[in-house]
Amino acid sequence: LFGFNTNRVSGYFEPIAPSKEDQLLLPKNFKYDVVAAFDDVINEAGEKFGSGCDYNAFFPLKGSNVRGLLVNNHEYSTIFSIGPVKDGKMTADQLHKNLYYQGMSVIEVYRDEKGTWKMDKTSSYARRINGFTKFDLTGPAKGSTAVGGATTAVGTFANCSGGVTLWNTVLSCEENFAETAAASKLPETHYGWVVEVDPFDKSYLKKHTALGRFNHENTAMGLAPDGRVVVYMGDDKKDACIYKFISKGKFDKLKGRANSALLEDGTLYVANLKSGKWMPVTLAEVTKAAKDKPEVLSKFKTQGDVVTFCQEAALLVGGTPTDRPEDIEISPFDNTVFICHTNNDNHGNIHGHITRIFESNSDLGALEFDFEIFAAGGRQSGFSSPDNLAFDSNGHLWVVTDISSSSQNKGVHKSFMNNGLFVIPTSGPDQAMALQFASAPIESELTGPFFTPDEQTLFLSVQHPGENTSDLSKPSSLWPHRAGDKKARCAVVAISGFKLG
Ligand code: FEO
Ligand code: CA
Ligand code: CA
Ligand code: CA
C-alpha cells in the first residue's frame, strides 16, 4: 500500500500495473463516474459538451465539496465529433462544428446520496464558451497593429490546460490554435493567448495579451512576498521556452476580481537556463538584442509586437529553448516550481523529464534561480512523457502522461503500455518514483487532474480515446462503452474512493 491515513483519493492505494485495455483502470477500492461526455446536453438551452476534454477546475458552491461548478477545456475536435475530413478540407458543417465543440464548458456537478457524481442540467450557470464567443483584449496588444487594431477577438479554441486565479476565475490556454484559425480564415494573431473567464459571470471574457502569445499550455499563479502576482507558463512546442509574468501592482484580497487588472500591466520574463536568470521580454531588450538586424528590428516597434510575436522575441533576449514545456505547478510546500518537459525527439529526449526550479530565496518574484532535473522519464522511474501536474496535500505530484498514440505500446514505449496517471512523491524514500494510479483507454491520454478541496474526489479528463480511428465503422476505442454507442467519447470523470476499512 502506498500513501497516508484517510479515505481521501490522495490516501492509500495499491499501485496498478500498466495495461493495454480499452478501460479507465483504477486501484482497488476506487471507482469513477462519467460526469459529462462529448455531445451530452449540459443545460436547459440544449447546449452540448465539447470535444477534446483537457483542463478541469472545480469551484465549490456555498463551500460544498459535493456540489460545484466544473470548468472544462475543449482542446480539439476528432473524427468522432466532426467526422472524417476529406482531402484535408472541412465542409461548412465541419467548420461550424469544429468551432462549436472547442473552447470551454461550465457545468454544475454534484454527488448524490448514493455517492454517484452527476451533472445538473437544470443549472443556471451551465454554458458553453467556444469559437463564437466574443472576448475583450487587454494589455499591450489591445488595439495594436499586431492584432489589426482589434480591441476584441471572436472565439477561443485549442484550449489546453489552464489554472485558477487568486480571485476565483479560470485562466485557459490557447495552445495549437493555428490549424483552426487557418481553416476558418480567422486572424491568427487573435489566438494563442491566455483567456480569463469567470464561471459565475457569463459576461466576463478576456484575453490577456501581457502574458504573451505562444503555444500556451498552462498557467500557475502564485504571489511574491511583496504581493506582486506571478504567473508561470509553458510553451508546448519543441525547443520552446519557459515564461513567467510578474505584475506591476500588488494583490489585494479585498478587491476580489478587480485584481484581474494585475494581468494587464507587468513584465513578461523568459528563463535562461544557462545563467539562471529570468530575462525581460520587453521592447527595450528586444531592440538591444537586434540592433544589428534591421529586418528583425522592423518587426518589433511596440510592446504589442513583442507580446504578439513572443516566441521570436523570447529567443532574441536569451530564452533557452527546452523540450516541450507543458504543465507547471508551484509547490505549496516550498515554492519550488515543477515543470513537465514532455519529450523532444529532435535531440533524443524520448521519455521527457520533470524540471524543478528553485527561485532565489524561494521568492517567486526573484529574477535568479537554480534548477535540477527532479525526475527523468524512463524504465527506472516508471513513466514516460509527463504532461499535466497537480499537487495533493501530502506533497505528492499527480502526473499524467502523454505518449503519442502513434508511439504507444511499441518500441521503447512498450513497457509503459497505455497512458496513465501516476503519483510521484516529492520527498521521502519514494521521491521521484512513479506509482501508477490509473491506466487510460486505448489511444487516449488523461488530462486535467483537479481535486475537490477535501481531496475525496479527483476530476480527470479522458482525452481523445480511439484517436487513430480513420473509419467510423471500425473505431479503435469505444470508451466509455455506453450501451448502444458506436463511438468513443472524450469525457470528464469523477474518481472517488470507496470507504476504506
Ligand atoms: Fe495540449 Fe500541450 O498539451
Ligand atoms: Ca497538455
Ligand atoms: Ca501533451
Ligand atoms: Ca494533450
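This is a short dialogue on how to read a predicted protein model.

Visitor: How should I read the numbering, and what kind of model is this?

Guide: Residues are numbered from 1 along each chain as its sequence is written, while chains are lettered from A and ligands numbered from 1 in the order in which they are written. This is a predicted model, in which local features need pLDDT of at least 70 and side-chain atom pairs count only at pLDDT 80 or more, whereas totals for chains, interfaces and linings use all residues.

Visitor: What is the mean pLDDT of the protein, and over which residues does pLDDT stay under 50?

Guide: pLDDT is the predictor's confidence in each residue, from 0 to 100. Here the mean for the protein is 96, and 97% of its residues reach 70 or more, but the value stays under 50 over residues 1-6. Where pLDDT is low, the predicted coordinates should not be read in detail.

Visitor: Which residues touch the most other members of the largest nonpolar core?

Guide: A nonpolar core is a set of buried Ala, Val, Leu, Ile, Met, Phe, Trp, Tyr and Cys residues joined through C-beta atoms within 7 Å. A residue is buried if 20 or more other C-beta atoms lie within 10 Å of its own, exposed if 12 or fewer, and partly exposed in between, with C-beta atoms placed from the backbone. In this structure the largest core has 126 residues, and V35, A313, A491 and V493 touch the most other members.

Visitor: Which strands does β17 pair with?

Guide: Helices (H or I, at least four residues) and strands (E, at least two) are DSSP runs, numbered from the N terminus, and two strands pair if DSSP finds at least two bridges between them. Strand β17 (residues 266-272) runs antiparallel to β16 (residues 242-250), joined by 5 bridges, and also pairs in the antiparallel sense with β18 (residues 277-280) over 4 bridges. Across these pairings, F245 has L268 as its bridge partner, and Y269 has P280. β17 and β18 form a hairpin with 4 residues between them, and G276 in the turn has a positive phi of about 65°.

Visitor: Is K185, which has a positive phi, buried or exposed?

Guide: K185 is not a glycine, yet its phi is about 50°, and K185 is found in the loop between α3 and β11 (194-198). K185 is exposed, with 7 other C-beta atoms within 10 Å. D239 likewise has a positive phi, near 60°, but D239 lies in strand β15 (residues 238-240) and counts as partly exposed, with 15 C-beta neighbours inside 10 Å.

Note on methods. Two residues are in contact if their C-beta atoms, placed from the backbone, lie within 7 Å.
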